[in-house]
Amino acid sequence: MSLPLTLAALRRSPFSEERLRSRRVKDEMRENLSARLRTNGDAPIFPGIVGYEDTVVPQIINAILSRHNFILLGLRGQAKSRILRALTTLLDPQMPYLAGCEIHDNPYAPICRRCRDELARLGDDARIAYLAPEDRYVEKLATPDVTIADLIGDIDPIKAARGGHELGSELTVHYGLLPRANRGIFAINELPDLAGKIQVGLFNIMQEGDVQIKGYPIRLPLDVALVFSANPEDYTARGKIITPLKDRVGSEIRTHYPSTVEEGIAITAQEAWTRRNGQHLHLPNYVQEVIERIAFVAREDKKIDKRSGVSQRLPISAMENVVSNAERRAIRNNEKLVVPRISDIYAALPAITGKLELEYEGEMKGADFVGRELIRAAIAKTYDEYFTGANVQQIVQWFDLGGEIQLADSVPAVEALENLKEIQGLIDKLGPLGVSQKESPEQQVSAAEFILEGLHAHKRIGRSEERVFKAGDKAPAPREREKSFEKEEPPYRQRRQFN
Ligand SMILES: [Zn+2]
């Protein structure tokens with residue numbers, strides 16, 4: 001379909017005056033959302049947003065149906081920006097505006113002086129241009145140095161001199177980000193970081209369409225869907241947000257981290273770059289689970305700052321590094337199959353440590369130490385999922401009797417498997433991991449190493465920095481040995497309070 005290019009043609013098209021004149025951007029989003037709700041059935045409204053189906057998404061839908069400006073409150077790495085960007089899918093595929101207008105004026109109801117003059121001069125011959133949804137989304141990270149000029153605009157004396165206008169005439173305004181988002185979506189991330197004065201300007205424009213620029217009153221009755229994001233503590237802290245602005249935010253919607261390890265795995269699988277050209281990748285479930293649990297354990301850890309949270313980007317970049325380390329081994333050893341091992345997770349520390357905001361105690365111990373502790377705790381929990389109640393005494397005994405084995409992350413699978421077979425009872429125990437002796441050496445080594453790492457995480461056997469597995473430093477007392485790792489964790493303590 002060819003789009004009408006003059007106002008006359010526009011009037012006769014489906015973009016009629018009757019339909020568009022008073023249709024604001026929030027009406028448009030509401031209409032398109034309603035249509036999607038009617039026809040989509042159970043399909044997700046925002047594709048690619050995992051784990052929010054029953055919590056965040058219904059609240060966003062309600063906010064849009066209510067034509068609210070809204071804010072997403074959540075810690076980092078909770079897909080807030082991604083959700084805000086997905087709102088463009090609720091905009092029309094094409095939006096007509098008066099060609100040449102910096103603020104994309106509605107052809108039937110222009111607010112800028114230039115366009116009103118143009119319409120008076122050209123009438124139905126006025127030219128029409130179109131915007132795609134992506135071009136109607138403006139995003140700004142709030143920082144304390146954002147000015148009114150950035151956000152709303154500035155008086156441009158050169159423009160005034162050239163055009164022979166008075167300063168303060170709206171023809172002399174150099175528009176900022178917000179007017180340029182007119183008839184679109186304007187997203188401000190980390191809203192509380194915006195200076196109070198700027199918040200006032202923002203509020204005035206939302207409320208009345210009035211704003212003062214360098215002392216000159218300018219009227220700009222903009223049509224913008226305003227959406228924000230913020231850290232919940234910053235947003236609720238007294239004095240961070242001016243009350244009238246807070247009052248104009250129709251809905252406050254809380255985001256959250258994935259509530260189950262399975263959900264986390266689904267997000268990480270979607271986001272991490274693991275499908276690479278080259279070797280065939282086999283990613284064992286227990287490796288995915290350990291990587292995901294690092295984030296879960298970290299979110300509960302006292303040594304890590306609760307206020308800033310642990311981003312979902314941690315397991316995502318860790319996964320990418322784990323696959324790379326396994327890939328490196330496969331390339332070096334000329335192996336066809338890439339199978340990540342637990343040692344590859346330790347090798348992925350550089351993708352983990354930078355994403356942890358440490359509390360004092362954590363800082364004292366160092367990010368590397370804390371990272372290793374988290375991995376170890378994640379291994380212990382994952383091991384318990386597969387091997388609670390399994391008899392591994394024979395394996396532990398082999399080490400207690402002086403057995404030692406080095407398992408560097410660079411060792412070729414065939415060679416490592418030969419060594420691992422010397423540990424009596426180990427290779428027979430891979431069943432719960434879905435690995436039999438018919439599987440490739442790469443898979444068997446990865447699974448066997450997971451058992452050894454699990455035993456090490458539970459302090460049943462020892463391991464040196466050179467990755468030599470050996471007997472534990474001192475055999476733990478039997479009572480302590482039975483105590484499962486999980487029981488030391490907070491969820492158990494909480495549950496016990498109710499008993
Ligand atoms: Zn205009």
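## Sheets, a salt bridge and enclosed spaces

Strands β15 and β16 form a hairpin in which 4 residues lie between the two strands, and Arg467 in the turn has a positive phi of about 60°. The model described here is a predicted one.

The two strands of this hairpin, β15 (residues 461–463) and β16, run antiparallel and are joined by 3 bridges, and within this pairing Arg463 stands opposite Phe469 in β16. Strand β16 (residues 468–471) also pairs in the antiparallel sense with strand β14 (residues 405–406), here over 2 bridges. In that second pairing Phe469 of β16 is the bridge partner of Ile405, while Gln406 stands opposite Val468 in β16.

Taken together, the 3 strands form an open sheet with antiparallel pairing, in the order β14-β16-β15. Because β14 and β15 stand at the edges and have a single partner strand each, one side of each is left without a neighbour in the sheet. Two helices can be placed against these strands. Helix α19 (residues 393–400) lies across β14, β15 and β16, and runs at about 90° to β16. Helix α21 (residues 441–457) packs on the sheet as well, touching β14, β15 and β16, and its direction makes about 105° with that of β15.

A further open sheet has 5 strands with parallel pairing, in the order β4-β7-β10-β1-β11. Its edge strands are β4 (137–141) and β11 (251–254), each of which pairs on one side only, and neighbouring strands of the sheet are turned by 20° against each other on average, with direction ignored. Within the order given, strand β7 (residues 184–189) and strand β10 (residues 224–230) run parallel and are joined by 6 bridges, with Gly184 standing opposite Val224 in β10. Helix α3 lies across β7 and β10, and runs at about 80° to β10.

Which side chains meet in a salt bridge at 3.6 Å, N to O? Those of Glu233 and Arg307 do so. Since Glu233 lies in helix α11 (residues 232–236) and Arg307 in the loop between α14 (285–300) and α15 (313–332), the pair ties together parts that are 74 residues apart in sequence. The structure holds 26 salt bridges.

The description now turns to empty space. The count comes to 5 cavities of 30 Å³ or more. Of the 14 residues that line the largest cavity, Leu20, Arg23, Glu28, Met95 and Arg183 lie nearest its centre, and the elements that give two or more residues to this lining are α3 (25–40) and β2 (95–98). The second largest pocket is lined by 29 residues, and Gly77, Gln78, Ala79, Lys80 and Arg313 are those nearest its centre. The elements giving two or more residues to the lining of this pocket are α5 (80–86), α13 (261–271) and α15.

The table sets out the volumes and linings of these two spaces.

| Space | Volume | Lining by class |
|---|---|---|
| Largest cavity | about 110 Å³ | 5 nonpolar, 2 polar and 7 charged residues |
| Second largest pocket | about 560 Å³ | 10 nonpolar, 13 polar and 6 charged residues |

Some elements therefore return in more than one part of this description, by the way the linings are given: α3, which lies across β7 and β10, also gives two or more residues to the lining of the largest cavity.

Conventions:
Residues numbered from 1 in each chain as written. Predicted model: local features only at pLDDT ≥ 70, side-chain atom pairs only at ≥ 80, totals over all residues. Heavy atoms only, no water. 1 Å grid on protein atoms, 1.4 Å probe; cavity = no way out; pocket = protein on both sides within 12 Å on 5 of 7 lines; lining within 4 Å. Points joined across faces, edges and corners; volume = space filled by probe spheres on them. Nonpolar A, V, L, I, M, F, W, Y, C, P; charged D, E, K, R; others polar. Pairing = 2+ DSSP bridges. Axes fitted to C-alpha atoms, helices over the stretch in contact; angles between N-to-C directions. Contact = heavy atoms within 4.5 Å. Salt bridge = Lys/Arg side-chain N within 4 Å of Asp/Glu carboxyl O.
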